[in-house]
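Thanks for coming, everyone. Please look at the screen while I bring up the structure.

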Amino acid sequence: MSETTQVDGRSFAPPEALAAQANVGPDVYDEAARDRLAFWESAARRLTWDREWDEVLDWSNPPFAKWFVGGRLNVAYNCVDRHVEAGHGEQVAYHWEGEPGDTRTITYAQLKDEVCKAANALTELGVNAGDRVAIYLPMIPEAIIAMLACARIGAVHMVVFGGFSADALASRLDDAGAVLVITADGGYRRGAPSALKPAVDDAVGRSPGVRNVLVVKRTEQDVEWTEGRDLWWDDVVGKQSAEHTCEFFDAEHPLYIMYTSGTTAKPKGILHTSGGYLTQVAFTHWATFDLKPDTDVFWTAADVGWVTGHSYIVYGPLANRATSVMYEGTPETPHRGRWFELIQKYGVTILYTAPTVIRTFMKWGEDIPAGFDLSSLRLLGSVGEPINPEAWSWYHQHVGGGRCPIVDTWWQTETGGHMINPLPGVTSLVPGSAQVPFPGISAKVVDDEGNELADDSTGLLVITEPWPSMLRTIWGDDDRYVDTYWSRFGHMYFAGDGAKKDADGNIWLLGRVDDVMNVSGHRISTTEVESSLVGHPAVAEAAVVGATDPTTGQGIVAFVILRESGTDSGDELVQTLRTHVARDIGPIAKPRQIMVVQELPKTRSGKIMRRLLRDIAENRELGDVTTLTDSSVMNMIKEKLPAAP
Ligand code: 6R9
């Protein structure tokens, strides 16, 4: 295989061998530009439809889009059955590896049987098309089986990341109106079984709409049991028939809700539908990763509870008949070479992960990947935050052996699939930039008034035309959907990211412009953490910022004002508050640092000036004292405050 060669000191041409056989070549951009809707229509034809659409896009009531109007399909049939019917039943869909080292190999034929049994079980439990089903599971095959079973019967799944707290789960169950929760006794995390069921018991106790809890046995740990409500997965699913005739649903039938942080404490339930979503995730997965179903072994090393897992562990790869790897645990368990060992063991050819993981590997050192045979890899991907050029080079050299292109993919929960990224057989790669809009996607960098900016000026990223896998609304709140994404510029989608475009047309993403932090690829709103802190009796006021962090992208730094002067402001209280937030929202939201201050900088309208706090948070050396009184910090803030007019 040829190397990715550096052409002009900063960009890397596609390897010749890859370009010669790439799924998509340079013409794809012209083709999409000539007729965007015809382009997406041909992408939709890669799927199997029960009935074709009458109209590609109905945009008569913006920003409420309808794609492939009148078309009917079944998402699970497209992901599983049709491959079995075409004679690929013996192909492996997933090489699953548990953290303790247990494994399961699941072929497409086996996956079909499991999904059909689970679909029959859901029907027996009274779940109907349109009902919401919560999935709160570790990274085990049942997570995928449950998602596909929902899709098969037209139920709407809502996967809640296993790391979230009982409160986070309860508010999502309530908001979505879930009727069933699918969970497990526990999962393996960092070498030990960690419980999941207690959080479900707590959350479901507050959610009268939930009729049943279906429990997968994973760790065999003891669980509390509510007779009549709780059922073992093996008992209910195990006895079902593997025959299930699927029904076809409208292209706009809801497929799933995924909650993501917004600028208020209430998370937003992003709604995705069927035909357009599957069209774009399948096409982008095939084009961005140059996926060859007969020879590739594809691995998205992420959690299914993140949109990246939905689109690029489950729906995209399955729609394309990929063979994937799925891993339950953390990269350092039982040793820091675990991921590289898995690449070697399964002959992974395409690896897709987040920069935060790459930076962790960098910290651990290049000797670790050097100890494994990674020669099967031919392509690498990055997602979740900008990949800094140092991490890009390290990934390129020490994981990709200098020969694998890296596709840096910009997209969001809301966009459903890739939006801005290079194509591996076409684009000369520029480290640090996500580069160009995917064919058929129209993105621009604009100023506050929505005017397109000159090259190299910093502005806001907008999407100017609807796209097939776009969110359709925020669950139960059309007004918030319009307000959040479409009211700022009227006719353009406001992504919430700062960006600039260089003279070569490459787009550089510069992070969120709203108050949403990105910690290891997880979005957490400053407001959510602030409300948790203020919820503690010792805290009067809190301001939270995301400060650049070499490993996690951003780290959470909180400034708190205590209720009574003289309250203990030492290390012990800081630890108590950190634990309090972790318990409230989830461990991912635990502040990296909490500083006790006497005052917070505010605008005249009373809005906290987080920008100034971020300046402080980022200039501080880590490992410093975690508490401080007003003098030094507040003086610094005051010096930076603009003089009153
Ligand atoms: C897929 C996903 C979305 C936000 C997005 C942006 C950041 C994601 C990026 C990136 C720069 C990339 N982001 N990918 N920034 N380059 N390649 O991450 O979805 O969890 O909804 O986060 O993540 O800020 O707005 P989600």
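I will start with the ligand, then go through a sheet, two helices and a strand.

One thing to keep in mind: this is a predicted model.

So, the ligand. Which residues come nearest to it? There are 19 residues around the ligand, and the nearest are Asp408, Thr413, Asp497, Arg512 and Arg523. By class, that shell holds seven nonpolar, seven polar and five charged residues.

Now some polar contacts. Take aspartate 497. One of its polar side-chain atoms lies 2.7 Å from a ligand oxygen. Next, tryptophan 306. An N or O atom in its side chain is 3.0 Å from an oxygen atom of the ligand. Glycine 384 uses its backbone. A polar backbone atom of glycine 384 sits 3.0 Å from a nitrogen atom of the ligand.

How much of the ligand does the protein bury? On its own, the ligand would expose 530 Å². The protein buries 98% of that area. Three elements each give two or more residues to the shell: helix α11 (307–319), strand β22 (406–409) and strand β27 (507–512).

A quick stop at the database record. An unreviewed UniProt entry lists residues 27–79 as "domain: Acetyl-coenzyme A synthetase N-terminal". In this model, that span is 42% helix and 19% strand. The C-alpha atoms at its two ends are 28 Å apart.

On to the sheet. Eight strands make an open sheet with mixed pairing. Follow the order with me: β14-β13-β10-β8-β9-β16-β17-β25. Which strands stand at the edges? They are β14 (230–232) and β25 (473–474). Each has a single partner strand, so one side of each has no neighbour in the sheet.

Let's zoom in on one pair. Strand β10, residues 180–184, runs parallel to strand β13, residues 212–216, and five bridges join them. Within that pair, isoleucine 182 stands opposite leucine 214 of β13. While we are on strands, remember a general point: in a regular strand, side chains alternate between the two faces of the sheet.

Two helices next. Is helix α13, residues 355–364, mostly covered or mostly open? Mostly covered: eight of its ten residues are buried. Those are Pro355, Thr356, Val357, Ile358, Arg359, Thr360, Phe361 and Trp364. Just past α13 comes glycine 365, with a positive phi of about 105°.

Now helix α12, residues 338–346. Its buried residues include Arg338, Trp339 and Phe340. Leu342, Ile343 and Tyr346 are buried too. A glycine follows here as well: glycine 347 comes after α12, and its phi is positive, near 65°.

Last stop, strand β31, residues 553–562. Nine of its ten residues are buried, so the rest of the structure largely encloses β31. What does β31 pair with? Strand β30, residues 539–549, runs antiparallel to β31, with ten bridges between them. A hairpin of three residues links β30 to β31. Aspartate 549 has glycine 553 of β31 as its bridge partner. Then there is strand β32, residues 593–596. β32 and β31 pair in the parallel sense over four bridges. Here valine 560 has valine 596 of β32 as its bridge partner.

To recap: the protein buries 98% of the ligand's area, the eight-strand sheet is open, and β31 is largely enclosed, with nine of its ten residues buried.

Technical notes: Residues numbered from 1 in each chain as written. Predicted model: local features only at pLDDT ≥ 70, side-chain atom pairs only at ≥ 80, totals over all residues. Heavy atoms only, no water. Near = heavy atom within 4 Å. Polar contact = N/O pair within 3.5 Å; in protein donor to acceptor, adjacent residues only side chain to side chain. Areas by Shrake-Rupley, 256 points an atom, 1.4 Å probe, with all protein chains shown as cover. Nonpolar A, V, L, I, M, F, W, Y, C, P; charged D, E, K, R; others polar. UniProt positions renumbered as here; feature names shortened; annotations may be inferred. Pairing = 2+ DSSP bridges. Buried < 20%, exposed > 50% of the residue type's maximum accessible area, 1.4 Å probe, protein only.
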